[in-house]
Amino acid sequence: MDQCVTVERELEKVLQKFSGYGQLCERSLEELIQYAGGLRREILQTENQDGDLSGTISLVMTQCCKRIKDTVQKLASDHKDIHSSVSRVGKAIDKNFDSDISSVGIDGCWQADSQRILNEVMVEHFFRQGMLDVAEELCQVRIKTVKQKQIQDFRVSFLSITHILKTPLLHYSLKWAVSNREMLMAQNSSLEFKLHRLYFISLLMGGTANQREALQYAKNFQPFALNHQKDIQVLMGSLVYLRQGIENSPYVHLLDANQWADICDIFTRDACALLGLSVESPLSVSFSAGCVALPALINIKAVIEQRQCTGVWNQKDELPIEVDLGKKCWYHSIFACPILRQQTTDNNPPMKLVCGHIISRDALNKMFNGSKLKCPYCPMEQSPGDAKQIFF
């Protein structure tokens, strides 16, 4: 990621220069327009008073043209300076990124089925971003095998989420939460309560004029009394301070401006959970993971080729080194065989021995001698057939 930071730093310099140059151009052109307009008014006034001033006008116009020419030359010179900054971005990209990454690729990985999955992931990503036209066009051009119902489900799901998040009106969010109340409560979601809470606070901000409506709306808190008793008590206590204003009361924290952002996060998480979707775009996650892993893989590949080591990396379903992607990329439990030091898979699952120790099936097959197996961690002998597959 250091390479990305270096390129971003150069790019920010270019953007700052472009922004400054644009402001300079606007300011310089505005000054020239005002200068030329002032000269025109002075010439007209002087001509009406003194008659023929052709000599004076010629001198003034010469000075005006010179000023315009100098300004244009100055802007052109400043524009050339930006070119060097742009070229530095290109040099930074060439220096920090390897243009040829084919050495770490896996031959034959992009089969027809893999291409289809990638295209579907791209479609889902564009729907998540609200780029519906791009997603639908991609469906028509590249993913003809995807069922129209699946495309429509993607569209409806992400369109509803995107619309609600981009429209900070509680009406749409509350309508969705109420219609999905049973499923939200089944997963212990606090979304609907927080939406009702936010609407109640909006009534409180109206002062005593909304007191009757606020009391009437408080009935919506009844289904949540068991799990949110303290929060409801605070909301009811704030009614005492309606006359002097909530902003001048001990309940001023209810007016926190970050509440809508908090609800957007909760809504995205809960809505995706109900729809069976991940909160983050799989394409974005995969791309970020690739940016972290690619430099390390390129380096280890170069070392292998330099030292002419064979059999270190067979380019199948395993990597020659462990790549730490950080805790943000931990999505499920992982078990690595302590004997072969490989992650277990569906074809090589973890096996529990009679003594309680766990190894992979491949390790089990390699270690047993005849009909007996000796645990590598304790002296207990056992039959390989007694080992049982376990699931995390």
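**Glu10**

I started with Glu10, which sits in helix α1, residues 2-50. The model is predicted, so I read every value here as computed from predicted coordinates. Is Glu10 buried or exposed? Its relative accessible area is 18%, and the cut-off for buried is under 20%. Glu10 is therefore buried. I then looked up its partners beyond four places in sequence. Glu10 touches Arg88, Val89 and Ala92.

**Leu174**

Next I went to helix α6, residues 170-179, where Leu174 is found. Leu174 has a relative accessible area of 11%, so I logged Leu174 as buried. Which residues does Leu174 contact, leaving aside neighbours within four places in sequence? I listed Glu192, Leu195, His196, Tyr199 and Tyr217. I also checked one C-alpha separation. Leu174 and Lys194 are 20 residues apart along the chain, and their C-alpha atoms are separated by 9.7 Å.

**Helices α8 and α11**

Lys194 took me on to helix α8. I took α8 as residues 191-204 and α11 as residues 259-275. Their axes come within 10 Å and cross at roughly 155 degrees. An angle over 145 degrees counts as roughly antiparallel, so α8 is roughly antiparallel to α11. I noted the crossing of α8 and α11 as left-handed.

Which residues make the contact? On the α8 side I found Leu191, Lys194, Leu195, Arg197, Leu198 and Ile201. On the α11 side I found Gln259, Trp260, Asp262, Ile263, Ile266, Phe267 and Asp270. I sorted the residues of this contact into eight nonpolar, one polar and four charged. Leu195 of α8 belongs to the contact with α11, and Leu195 is also among the residues that Leu174 contacts.

**Helix α10**

I looked at helix α10, residues 229-237, for buried positions. They are Ile232, Leu235 and Gly237. What covers them? The cover includes α8.

**Cysteines**

Last, I checked for disulfides. How many are there? The count comes to zero. I wanted to know why Cys355 is unpaired, so I looked for the closest cysteine sulfur. That sulfur is in Cys375, 3.5 Å from the sulfur of Cys355. A disulfide needs the two sulfur atoms within 2.5 Å, so this pair is too far apart for a bond.

I also took the accessibility of two cysteines. Cys25 is at 16% relative accessibility, so I counted Cys25 as buried. Cys355 has a relative accessible area of 25%. Partly exposed runs between 20% and 50%, so Cys355 goes down as partly exposed.

How values were computed
Residues are numbered from 1 along each chain as its sequence is written. This is a predicted model: local features need pLDDT of at least 70, side-chain atom pairs count only at pLDDT 80 or more; totals for chains, interfaces and linings use all residues. Side-chain values use heavy atoms; hydrogens and water are left out. Buried means under 20% relative accessible area, exposed over 50%, partly exposed in between (1.4 Å probe, protein chains only). Axes are lines fitted to C-alpha atoms, for helices over the stretch in contact, and angles run from 0 to 180 degrees between N-to-C directions. Helices (H or I, at least four residues) and strands (E, at least two) are DSSP runs, numbered from the N terminus. Angles under 35 degrees count as roughly parallel, over 145 as roughly antiparallel, 65 to 115 as roughly perpendicular and the rest as oblique. A crossing is left-handed if the near helix is turned anticlockwise from the far one by less than a right angle, and right-handed if clockwise. Contact means heavy atoms within 4.5 Å. Ala, Val, Leu, Ile, Met, Phe, Trp, Tyr, Cys and Pro count as nonpolar, Asp, Glu, Lys and Arg as charged, and the others, Gly among them, as polar.
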